[in-house]
Amino acid sequence: DSSGVLRYVRLEFGGFAIATNQEINGLTAGGVGTGTVIDYVEVLHNKDDAFEFFGGTVNAKHLLGIAFADDGLDFDFGYGGNIQYAAMIKRAVNDESDSNFLTESDNNIPAAADAARPLTNPQVYNVTAVRIASGVGQYGGVLRRNTAGRFHNIVVTGSRLAPLTLRDNSTFVNATAGELVFDHAILNGSFDDAAFGTGDQPGNTRTFVFTTMTHNRNLDPQLAMGTPSLIRSYMPDLMPLDDSPALDAEFVANPPDNGFFDAVDFQGAVGPGQDWILSGWANFSDN
């Protein structure tokens, strides 16, 4: 177990490609344990993923990613921690063609080793992921390579391709077995076949998202920010409006009472009286 405190930290304009397919993330947690506190951490305009968790069990709250180049929350190598309250805001500048602005979750890399244990199995609650429209980027989230995990109270809007895709038969096996859950989410965007790419299974993904899971909806989350734009991302108001479906109690999952998670009555990263993003600690500038 590791120990330490990372709280109210801004990681700005960091990273570069040190070799092909070896870029530096905003925050990388490699094998970090539950003795470490990660809370109120912002990544702004970095080269690769906003946050990547390589194995370990560290928990994290209040994660803010702005204009990261690749993925928002990236999970690999058996990561099994808890995450609550994360906001990922993708800008067109610095974006990459293969980026997934909510999450990319793998059990192992390369895929040939994806049977390794423990499975990647994060518990993730209350995330809002928005993307400013452009011709770059892929999905909201990609779940693949035998990943497990539990994702609840997620809001995704603005993806160029599908808001969520599952890949690889092993991942669908985990979904069937209940080891992979993605429910109580607003996934706003197209799930038509044309919104998927090579390696995807559109029909199986739709069945998982809207039939196997029983509390997902594809509709406008009605955030105060409105349609994401560059100007609006300089003071990003992700609060659900009064009539937002994100406030419908029937579709909100209450997290486990395990000493880490807070009880909530909203979907997404922020709710009434709990706007931790605009409380004065974060930077939204691009220079």
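This passage describes the cores, helices, buried loop and strand residues, and salt bridges of a predicted model.

In soluble globular proteins, nonpolar side chains tend to be buried together. In the predicted model, the largest nonpolar core comprises 47 residues. The members of this core that touch the most others are Phe 51, Phe 53, Leu 63, Met 88, Ile 154 and Phe 182. A second core of 23 residues is separate from it, and Tyr 40, Leu 44, Leu 223 and Val 270 are among its members. Beyond its neighbours within four places in sequence, Phe 53 is in contact with Ala 29, Val 58, Ala 60, Leu 63, Asp 74, Phe 75, Asp 76, Tyr 79 and Ile 83. Nonpolar side chains also occur on the surface, where Phe 16, Ile 18 and Ile 24 form a patch with a combined accessible area of about 290 Å². Within this patch, Phe 16 belongs to the loop between strand 1 (4-12) and strand 2 (17-19).

Two helices were examined for the placement of their buried residues. In helix 1 (residues 169-176), the buried residues are Thr 171, Phe 172, Asn 174 and Ala 175. These residues lie on the same side of helix 1 because they cover an arc of only 155° around the axis. Their cover includes strand 12 (141-144), strand 14 (164-166), strand 15 (180-183) and helix 2 (202-212). The face of helix 1 turned away from the buried side carries Asn 169, Val 173 and Thr 176, which are exposed. After helix 1 comes Gly 178, with a positive phi near 80°.

In helix 2, the buried residues are Pro 202, Thr 205, Phe 208 and Val 209. Viewed down the axis of helix 2, they fall within an arc of 135° and therefore line one face of the helix. This set packs against strand 14, helix 1, strand 15 and strand 16 (186-188).

Several residues around strand 7 are also buried. Val 58 is located in the loop between strand 6 (51-54) and strand 7, and its relative accessibility of 1% makes it buried. Although Val 58 and Gly 31 are 27 residues apart along the chain, their C-alpha atoms are separated by 8.1 Å. The contacts of Val 58 with residues over four places away in sequence include Ala 29, Val 32, Ile 38, Phe 53 and Tyr 79. Within strand 7 itself (residues 59-66) lies His 62. His 62 counts as buried because its relative accessibility is 9%, below the 20% limit for that class. Apart from residues up to four places away in sequence, His 62 touches Asp 39, Tyr 40, Val 41, Gln 84, Tyr 85, Trp 276 and Trp 281.

The loop between strand 7 and strand 8 (73-76) holds Asp 71. This aspartate is buried, its relative accessible area being 0%. The C-alpha atoms of Asp 71 and Ala 50 are separated by 6.4 Å, while the two residues are 21 residues apart along the chain. Residues up to four places away in sequence aside, Asp 71 is in contact with Asp 49, Ala 50, Asp 98, Ser 99, Asn 100 and Glu 104.

Ten salt bridges are present in the structure. One of these joins Arg 7 to Asp 39, with 3.8 Å between the closest N and O atoms. Arg 7 belongs to strand 1 and Asp 39 to strand 5 (residues 36-44), so this pair ties together parts that are 32 residues apart in sequence. Arg 7 is partly exposed, at 42% relative accessibility, whereas Asp 39 is buried, at 13%. In another salt bridge, the side chains of Asp 262 and Lys 61 meet at 3.2 Å, N to O. This pair links distant parts of the chain, 201 residues apart: Asp 262 is in the segment after helix 3 (230-233), and Lys 61 is in strand 7. Asp 262 is partly exposed, with a relative accessibility of 31%, while Lys 61 is buried, with a relative accessible area of 13%.

A further salt bridge connects the side chains of Glu 104 and Arg 144 at 3.1 Å, N to O. Here, too, distant parts of the chain are linked, with Glu 104 in strand 10 (residues 103-106) and Arg 144 in strand 12, 40 residues apart. Both Glu 104 and Arg 144 are buried. Through salt bridges that share partners, Glu 104, Asp 106, Arg 144 and Arg 145 are joined into one network.

Technical notes:
Residues are numbered from 1 along each chain as its sequence is written. This is a predicted model: local features need pLDDT of at least 70, side-chain atom pairs count only at pLDDT 80 or more; totals for chains, interfaces and linings use all residues. Side-chain values use heavy atoms; hydrogens and water are left out. A nonpolar core is a set of buried Ala, Val, Leu, Ile, Met, Phe, Trp, Tyr and Cys residues joined through side-chain atoms within 4.5 Å. Buried means under 20% relative accessible area, exposed over 50%, partly exposed in between (1.4 Å probe, protein chains only). Contact means heavy atoms within 4.5 Å. Patches are made of residues with over 30% relative accessible area and no salt bridge: like charges are joined within 9 Å, nonpolar side chains (Val, Leu, Ile, Met, Phe, Trp, Tyr) within 5 Å. Accessible areas come from the Shrake-Rupley method with a 1.4 Å probe; for residues, only the protein chains shown count as cover. A salt bridge is a side-chain nitrogen of Lys or Arg within 4 Å of a carboxyl oxygen of Asp or Glu. Helices (H or I, at least four residues) and strands (E, at least two) are DSSP runs, numbered from the N terminus. The arc is that of the directions from the helix axis to the C-beta atoms.
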